[in-house]
Amino acid sequence: MKFVSTRSGAEPVSLSEAIAAGLAPDGGLYVPEAWPNAAIIADGAGLAEAAARVLSPFAEGDVLEPEIAAIAAEAFNFPVPLVPLTDRLAVLELFHGPTAAFKDFGARFLAGAMTRIRAGASRPLLILVATSGDTGGAVAAAFHGKPGVEVAVLYPKGLVSPLQERQLTCWGGNVRAFAVRGAFDDCQRLVKAAFGDKDLRSRCDLSSANSINIGRLLPQMTYFAWASSNVWRAHGEKLSFVIPSGNLGHATACAWARTIGYPIGEIVLAHNANRAMPDYLESGVWRPRASVATLASAMDVGDPSNAERLFNLFPNMTALRGAVSAHVVDDAAISARIKQGYAEHGQIWCPHTAVAAETHARRHGVGRWAIAATAHPAKFREIVEPIIGESIALPAALAALMARPSEKVEIEPDLAALKHALLS
Ligand SMILES: *Cc1c(COP(=O)(O)O)cnc(C)c1O
């Protein structure tokens with residue numbers, strides 16, 4: 001299996017080469033060159049076993065091929081409950097990993113793959129990661145203490161929740177946190193600029209742990225494959241997903257899982273007020289823009305990177321509109337849905353999950369549906385607690401982080417400032 005760039009200029013590479021590179025040399029994103037045929041996940045298979053089955057074909061012929069099962073077993077060692085709300089609707093809880101957001105899946109798999117790829121490398125590896133809140137925490141936790149790897153996390157100052165900030169800044173050792181005076185899009189732009197900087201590249205090997213890295217996205221196919229297989233075996237029906245969307249990595253992984261044959265029905269993208277994708281589906285004009293701050297801050301992305309991968313998979317408007325739909329939920333509706341979810345179902349949703357729940361409520365699609373619950377509500381307790389009028393208990397892993405000291409460096413949103421901070 002080879003991986004090619006979404007743009008035209010790069011040579012096809014193997015999985016480990018694509019993971020090590022992050023971004024393709026022509027500035028595009030790596031995508032699989034071909035699509036293997038999926039087999040329904042067997043009854044009783046655990047998530048790690050499902051991951052090995054889904055991911056092995058993508059590693060065929062690569063040095064990672066014999067390692068996939070072990071990486072999956074290390075990475076996917078926490079539960080993924082599919083909690084029924086009604087007989088047609090369930091919540092797929094993706095927040096039971098160590099940093100309480102679905103980003104743990106991709107980050108932990110990537111860390112396992114990257115440390116194996118880099119074993120015996122002569123130069124240090126610097127992983128640059130831009131985060132709107134949850135990615136950075138998951139990547140920091142996954143790579144903390146791993147030999148031969150340095151991590152630099154860039155996050156928008158003042159635009160992440162206090163608990164998220166703690167998760168970014170509490171590590172020390174090989175993980176450094178940079179509070180960028182700007183928005184998430186500035187962080188993302190800085191990472192891309194750093195990749196293009198010859199001087200920096202001459203000093204160390206660079207890679208990215210953002211969802212531009214294929215090593216983050218492929219493992220996210222696993223739970224879509226697993227949940228849809230379980231529903232298919234039990235009911236003979238496809239499972240449709242509503243996905244809280246920002247950088248569109250999650251949505252891309254779901255579309256890939258459906259492309260290789262998992263029984264997934266509709267894919268509905270649930271956006272907050274950052275509406276580049278919904279507007280595009282309506283107008284046919286791609287107009288990335290500055291992000292706006294919302295209650296669902298991990299989805300505050302004005303220029304979603306993985307749109308490029310979706311456009312690659314669905315290369316014209318007819319194909320794209322047939323493959324996904326996208327909807328917008330404003331902050332007032334997020335609050336109202338959090339309140340209603342608690343009153344009606346006894347569920348406490350984070351703002352991102354609420355965007356998906358609200359989107360589902362408006363759409364009323366036929367068939368079986370799952371809302372992807374992307375973060376534990378405790379990560380956004382400042383928002384959720386006043387709405388439901390109760391306090392939310394912290395998961396044990398998050399509580400432990402709150403006790404650690406916190407350290408960060410503030411920088412201007414330009415490459416010179418980042419380089420200075422990185423190299424000092
Ligand atoms: C990252 C994130 C999203 C958005 O996922 P994308 O892959 O960027 O579209 C949604 N919810 C939460 C909690 C997140 O951390």
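Here are four short exercises on this predicted model, each with a worked solution.

Residues are numbered from 1 along each chain as its sequence is written. Local features need pLDDT of at least 70, side-chain atom pairs count only at pLDDT 80 or more, totals for chains, interfaces and linings use all residues, and side-chain values use heavy atoms, with hydrogens and water left out.

**Exercise 1. Find out why the chain counts as compact as a globular protein of its length.**

Start with the inventory: the chain holds 18 helices and 13 strands, which are DSSP runs (H or I, at least four residues, for helices; E, at least two, for strands), numbered from the N terminus. Next, take the radius of gyration, computed over C-alpha atoms. The chain has 20 Å, close to the 22 Å that the globule rule gives for 424 residues, so it is as compact as a globular protein of that length. That rule is 2.2 Å times the number of residues to the power 0.38. Finally, check burial: 58% of the 424 residues are buried, meaning under 20% relative accessible area with a 1.4 Å probe, protein chains only.

**Exercise 2. Work out which residues of helix H5 (residues 134-143) are buried, and what covers them.**

First, list the buried ones: Asp134, Thr135, Gly136, Gly137, Ala138, Val139, Ala140, Ala142 and Phe143. That is nine of the 10 residues, so H5 is largely enclosed by the rest of the structure. Then look around H5: the cover includes helix H4 (103-118), strand S5 (125-130), strand S6 (149-156), helix H6 (162-169), strand S7 (175-180) and H9. Last, step past the helix to glycine 145, whose phi is positive, near 80°.

**Exercise 3. Identify the residues that touch the most other members of the largest nonpolar core.**

Begin with the term: such a core is a set of buried Ala, Val, Leu, Ile, Met, Phe, Trp, Tyr and Cys residues joined through side-chain atoms within 4.5 Å. Among the 96 residues of the largest one, the answer is Phe143 and Phe241. H9 gives the most to this core, with 10 residues. A second, separate core has 30 residues, including Phe95, Ala333, Ile334 and Val384.

**Exercise 4. Describe how helix H2 (residues 47-55) packs on helix H9 (residues 214-235).**

Geometry comes first: the angle is about 115° and the axes lie 9 Å apart. Axes are lines fitted to C-alpha atoms over the stretch in contact, and angles run from 0 to 180 degrees between N-to-C directions. Now the partners, with contact meaning heavy atoms within 4.5 Å: H2 residues including Leu47 and Val54 meet H9 residues including Met221 and Trp226.

Methods:
Buried < 20%, exposed > 50% of the residue type's maximum accessible area, 1.4 Å probe, protein only.
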